[in-house]
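Trainee: Please take me closely through one part of this model, the helix packing, and then through the parts that connect to it. I would like one connected account, with residues named.

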Amino acid sequence: MTNISYEVFPPNSTVGNEHLCQTLATLKNSQPAFISVTCSSKTANLAQETVRIADKVQNDCHVPAIAHLPALYLSKDDVDSILAKLKVHNVNRVLVLRGDERPNLEKKNDFRHASDLVDYIHINYPEFKITGACYPEIHPESKNMVDEIAHLKLKVDAGCDQLITQLFLDNRNYYRFREICTIAGINVPIIAGIMPITNVRQATRILKTGSVTVPAKFQSILSKYKDKPVALKQAGIIYAIDQIADLVTNDVAGIHLYTMNQAETACQIHRNIGALFETKSA
């Protein structure tokens, strides 16, 4: 059976931290396969909060934690230090990304691509399991899908154990991408990243990026309920549930829910389709 996992992010306030603690306490009840923790771009020490929250997930919630690492903004010394801290907390999983361009952060020169950091960790820290990110509708900087798959294969061959997709709203794009990966010899599990769109702000941000296809069915939801926030939230959750049910039926490797630190939405989804998931933590 397919399993479910969640993503949370480090808060930037005391109130946010209290909210996240409540969120984690709720999420652990669904026995997720893991909870990933993003890396904040708002602090000088990028991974300090990521490590702290990963420790909480791993040791307080007793759920396997995955700590995000942005390759562009980490030196070898940074990585050595972060992995040493993670090992102290018995966290042995990382998600390696290149990292988005951030004008407020200084790039380091040790890892220009995610594959460089994957290779470094795989060789020097073989005890760590490495997850990579992938883009069913190609990364905005890729020339085409051929270019996208070539870079992805480099990353997987460097040592990725599994992949998690960026969000998508049309399952056909996931199935097409999965088939292309199989043809290219990319044989690691490809977990589907799903983000329930529950408010206009989220929807506007996605539409502005232009990197996610918005199907006519979802466009109709936005058009009908854009001025009805309660109805839009409910319709967005139902849409995500429909996506997940279809993916699980078609043997997806796993569902990774981008929670935005909102346990209520995640729980509402799990209540409706929890029977589809394997509940034993991996």
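Mentor: What follows starts with helix packing, moves to single residues, and ends with two further helices and the residues after them. Keep in mind throughout that this is a predicted model.

Start with helix H5, residues 145-159, which packs against helix H4, residues 114-124. The two axes are 8 Å apart and the packing angle is about 10°. An angle under 35 degrees counts as roughly parallel, so H4 is described as roughly parallel to H5. On the H4 side, the contact is made by Ala114, Ser115, Val118, Asp119 and His122. H5 contributes Leu154, Lys155, Ala158 and Gly159. Sorted by class, the residues in this contact are four nonpolar, three polar and two charged.

H5 also meets helix H6, which covers residues 171-183. Here the axes come within 11 Å and cross at roughly 60°. That angle makes H5 oblique to H6. The crossing is right-handed. Met145, Ile149 and Leu152 of H5 make this contact with Phe177, Ile180 and Cys181 of H6. By class, the residues of the H5 and H6 contact are six nonpolar, with no polar and no charged ones. The contact of H4 with H5, to repeat, includes three polar and two charged residues.

Stay with H6 for a moment and look at Asn173, which is placed in that helix. Its relative accessible area is 11%, and the cut-off for buried is under 20%, so Asn173 counts as buried. Leaving out residues up to four places away in sequence, Asn173 touches Pro136, Glu137 and Thr213. Glu137 is 36 residues from Asn173 along the chain, and the C-alpha atoms of the two are separated by 6.7 Å.

Pro136 also turns up among the contacts of Thr165. Thr165 belongs to strand S6, residues 162-165. With a relative accessible area of 0%, Thr165 is buried. Apart from neighbours within four places in sequence, Thr165 is in contact with Cys134, Pro136, Tyr174, Ile190, Ile191, Ala192, Gly193 and Tyr258.

Tyr258 leads on to the later part of the chain, where strand S8 spans residues 255-258. The loop between helix H9, residues 229-249, and S8 holds Asp251. H9 itself has 21 residues, which at 1.5 Å a residue should span 30 Å; its end C-alpha atoms are 30 Å apart, so the two values agree. The buried residues of H9 are Leu232, Ala235, Gly236, Ile237, Tyr239, Ala240, Ile241, Gln243, Ile244, Leu247 and Val248.

Now consider the backbone at Asp251, just after H9. Most residues other than glycine have a negative phi. Asp251 is not a glycine, yet its phi is positive, about 65°. Is Asp251 buried or exposed? Asp251 is exposed, with a relative accessible area of 63%.

Met260 is another residue that is not a glycine and has a positive phi, in this case about 55°. Met260 is placed in the loop between S8 and helix H10, residues 263-273. With a relative accessible area of 32%, Met260 is partly exposed.

H10 contains His270. At 15% relative accessibility His270 counts as buried. Setting aside residues up to four places away in sequence, His270 touches Ile4, Tyr6, Ser30 and Phe277.

Ile4 and Tyr6 bring us back to the start of the chain, where strand S1 covers residues 2-8. S1 is one of the elements that cover the buried residues of helix H2. Helix H1 (14-27), strand S2 (35-37), strand S3 (65-70) and helix H3 (76-88) are also included in that cover. H2 comprises residues 48-60, 13 in number, and reaches 18 Å from its first C-alpha to its last, close to the 18 Å expected at 1.5 Å a residue. Which residues of H2 are buried? They are Thr50, Val51, Ile53, Ala54, Val57 and Gln58. H2 is followed by His62, where phi is positive, near 60°. As at H9, where Asp251 comes just after the helix, a residue with a positive phi follows H2.

Conventions:
Residues numbered from 1 in each chain as written. Predicted model: local features only at pLDDT ≥ 70, side-chain atom pairs only at ≥ 80, totals over all residues. Heavy atoms only, no water. Helix = DSSP H or I, 4+ residues; strand = E, 2+ residues; numbered from the N terminus. Expected span 1.5 Å × (residues − 1). Buried < 20%, exposed > 50% of the residue type's maximum accessible area, 1.4 Å probe, protein only. Contact = heavy atoms within 4.5 Å. Axes fitted to C-alpha atoms, helices over the stretch in contact; angles between N-to-C directions. Parallel < 35°, antiparallel > 145°, perpendicular 65-115°, else oblique. Nonpolar A, V, L, I, M, F, W, Y, C, P; charged D, E, K, R; others polar. Left-handed = near helix turned anticlockwise from the far one by under 90°.
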